[in-house]
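Take a look at the interior of this protein, starting with its enclosed spaces and moving on to the packing around them.

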Amino acid sequence: MSWTPTQDDLNASNGSERTDRDARSGSLAPADMFIDGSAPVDISEYPGRLIVVEGTDNAGRSTQIALLREWLESRGFGVAHTALRRGRLASEGLESAKQGHTLAPITMDLFYATDFADRLDNFILPSLRAGFVVLTDRYVYSTMARSIVRGVDPEWIGDIYQFAPRPHASFYLKIGLEHLIPRVLAKRGFDYWESGLDFQEESDIFASFVRYQTRLLNTFDQLAVDHDLRVVDANGSIRDSFVALRDGITEVVSSMQGARV
């Protein structure tokens, strides 16, 4: 039987590992979960697996995450799912600020980094320690790509996320603009942020969307090379993308204890 862990489940699973209260913060944290930001958090000894699905909006990430979760759970794996703006610490403030279009690029970067650090410390790492397969709908690469396109120094934003663990597998759903536009039009239409209207001097939302997404997709392509993301063709059918992801994930989870894939 499979389930998704609640925060209480994760807290309980770490109860025997807790250290004394930190004298400065008064918080409880496992000693080997301390994040100082100087290097990627080492998750190599954890029994779980961290799997990332990346790509621009409407590339099919959420659909594929749902299919992968169902497939993994049908094979007896415990699956935990997370995504951007799901942390308790910064998500509400970030969402409110975005609705008012009031965030400067660097402020937004720091909001997203805070949200990621919160989710990493309180959900992702505990889930990995408990032996779950953690599926994350976007990772630090999305926020890095968005920041770079908006003119933030790539080296600076890379340093901000230096603490991010190296996933066991990262997949990039690569889609061409000619396939992306019909998907966007078939759903909710052009979004303010995903059209780059917060920083591009365009009066026409379609022109702004094309300009922004062209730059964003090019940046994703480069990050995929720099960070060794596995490229999955997202221009075709949902099934074709799923089969490619499933086969890649099978390689990663087949060595887990009790795996049957």
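In this predicted model, the second largest cavity is lined by Asp57, Asn58, Leu180, Val184, Arg188, Gly189, Asp191, Glu194, Phe209 and Gln213. Its volume is about 60 Å³. Two helices, α7 (177–186) and α8 (205–226), each supply at least two residues of that lining. By class, the lining of this cavity holds three nonpolar, three polar and four charged residues.

How many cavities reach 30 Å³ or more? The count is three. The largest cavity encloses about 110 Å³. Twelve residues line it, and Met108, Tyr112, Arg146, Ser147 and Arg150 are the closest to its centre. Here the helices with at least two lining residues each are α4 (105–129) and α5 (140–149). Of the elements, α4 gives the most, with four residues. The lining of the largest cavity divides into five nonpolar, two polar and five charged residues.

Now follow α5 away from the cavity. Is this helix mostly covered or mostly open? It is mostly covered, with nine of its ten residues buried. The buried residues are Val140, Tyr141, Ser142, Thr143, Met144, Ala145, Arg146, Ser147 and Val149. Two of these names, Arg146 and Ser147, also appear among the residues closest to the centre of the largest cavity. The buried residues of α5 pack against two strands, β1 (49–54) and β4 (169–174), and against the helices α4, α6 (154–160) and α8. After α5 comes Gly151, with a positive phi near 95°.

Next, the nonpolar packing. In soluble globular proteins, nonpolar side chains tend to be buried together. In this model the largest nonpolar core has 38 residues. Phe116, Ile124, Leu128, Tyr139, Val140 and Tyr161 have the most contacts inside it. At least two residues of this core come from each of β1, α4, α5 and α8. The largest share, nine residues, comes from α4. So α4 leads twice: α4 also gives the most to the lining of the largest cavity.Ile124 shows the packing at one position. Leaving aside residues up to four places away in sequence, Ile124 touches Leu50, Thr82, Phe116, Arg119 and Val134.

A second, separate core has 28 residues. Among them are Ile175, Leu177, Phe209 and Ala234. Phe209 leads back to the starting point: Phe209 also lines the second largest cavity.

Definitions and conventions
Residues numbered from 1 in each chain as written. Predicted model: local features only at pLDDT ≥ 70, side-chain atom pairs only at ≥ 80, totals over all residues. Heavy atoms only, no water. 1 Å grid on protein atoms, 1.4 Å probe; cavity = no way out; pocket = protein on both sides within 12 Å on 5 of 7 lines; lining within 4 Å. Points joined across faces, edges and corners; volume = space filled by probe spheres on them. Nonpolar A, V, L, I, M, F, W, Y, C, P; charged D, E, K, R; others polar. Buried < 20%, exposed > 50% of the residue type's maximum accessible area, 1.4 Å probe, protein only. Contact = heavy atoms within 4.5 Å. Core = buried A, V, L, I, M, F, W, Y, C linked by side-chain atoms within 4.5 Å.
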